[in-house]
Amino acid sequence: MFTGIIEEIGEITRVQQYGDAARITVRGPLATQGAQHGDSISVSGVCLTVVALERDEFTADVMRETLEMSTLDKAGIGTHVNLERAARLGDRLGGHLVQGHVDGTAVVLSTTDGSAWRVVRLSLTPELAPLVARKGSIAIDGTSLTVSAVGGGALEGYWFEVSLIPETLAATTLGQRVPGDLVNLETDIVARQVERMLEFRAFDEGARWPDDTGTSVAHAIGFQPDEGARA
């Protein structure tokens, strides 16, 4: 479990492909301090298990499911990543509860700079749109953020916005993101649990059994917009 407060920006130094899986090595002097074999480290929001340590680098295996759901399938040598060690009981929860279980990716649609902040608009799939609420929590590349706006619709696509302060821009990879970039998303764990309960309620009421695509959630909570609907 993580808090979404990034400890440092690391760099991928090695990528080895093994069929439908991969093994990556990441340089992170702070993340490796006190780390041991079997520890969990969040790599741009993806919880990975340390399988090897050498000086200021750690190595982790990435399975097919993770590659398909995250940006790690496009990562290469030199890619910068957000790093956070797993939280310990008794630590302050500066962000929100982040599992490191990425729900999918989003595209950066636009960035707008203010006097002391940056507003970033990102895409949302129809499956994830019901789980993202204004003033709710979301993890982007492992960074705990508050949703500042939501909008869009079935025709133009759903979107949400976050507002980034200078510290977040400097201390995470989000300051490097430009329109067209992909980022990892993890929605709030509470929203996902409510989603699942509603799926079973729909089943109890005679609806079809929910599948693993998430599309049945829209039916369960009435989120099935027509062409003119808005989020």
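A cavity is taken here as a set of grid points where a 1.4 Å probe fits but cannot get out. In this predicted model, two cavities of 30 Å³ or more are present, and the second largest cavity has a volume of about 40 Å³. Its lining is formed by V15, Q17, A22, I24, V62, L67, L72, D73 and A75, and the elements that contribute two or more residues to this lining are β1 and β2, the latter spanning residues 21-27. By residue class, the lining of the second largest cavity comprises seven nonpolar residues, one polar residue and one charged residue.

Among the residues that line the second largest cavity is Q17, which is located in strand β1. The relative accessibility of Q17 is 54%, so this residue counts as exposed, the limit for that class being over 50%. Along the chain, Q17 and D61 are 44 residues apart, and their C-alpha atoms are separated by 9.9 Å.

The largest cavity encloses about 60 Å³ of space. It is lined by V108, V120, L122, I140, V162, L164, L174, R177 and V183, with strands β8 and β11 each providing at least two residues of the lining. In the lining of the largest cavity, eight residues are nonpolar, none is polar and one is charged.

Charged side chains are also paired elsewhere in the model, which holds 13 salt bridges in total. One of these salt bridges joins R85 to E7, with the closest N and O atoms 2.8 Å apart. Because R85 belongs to strand β6 (residues 80-85) whereas E7 lies in the segment before β1 (8-18), this pair ties together parts that are 78 residues apart in sequence. With regard to solvent, R85 has a relative accessibility of 26% and counts as partly exposed, and E7, with a relative accessible area of 31%, is likewise assigned as partly exposed.

A salt bridge is also formed between D113 and R118, for which the closest N and O atoms are separated by 2.6 Å. In this pair, D113 counts as exposed at 55% relative accessibility, whereas R118 is buried, its relative accessible area being 18%; the latter assignment follows because buried means under 20% relative accessible area.

A further salt bridge connects E161 with R121, the closest N and O atoms lying 2.7 Å apart. This pair links distant parts of the chain, as E161 is placed in strand β11 (residues 157-164) and R121 in strand β8 (residues 118-124), at a separation of 40 residues. Strands β8 and β11, which hold the two partners, are also the elements noted above as each supplying at least two residues to the lining of the largest cavity. Of the two partners, E161 is buried, with a relative accessible area of 14%, while R121 counts as partly exposed at 26% relative accessibility. In addition to these individual pairs, E11, R27 and E57 are joined into one network by salt bridges that share partners.

Terms used:
Residues numbered from 1 in each chain as written. Predicted model: local features only at pLDDT ≥ 70, side-chain atom pairs only at ≥ 80, totals over all residues. Heavy atoms only, no water. Salt bridge = Lys/Arg side-chain N within 4 Å of Asp/Glu carboxyl O. Helix = DSSP H or I, 4+ residues; strand = E, 2+ residues; numbered from the N terminus. Buried < 20%, exposed > 50% of the residue type's maximum accessible area, 1.4 Å probe, protein only. 1 Å grid on protein atoms, 1.4 Å probe; cavity = no way out; pocket = protein on both sides within 12 Å on 5 of 7 lines; lining within 4 Å. Points joined across faces, edges and corners; volume = space filled by probe spheres on them. Nonpolar A, V, L, I, M, F, W, Y, C, P; charged D, E, K, R; others polar.
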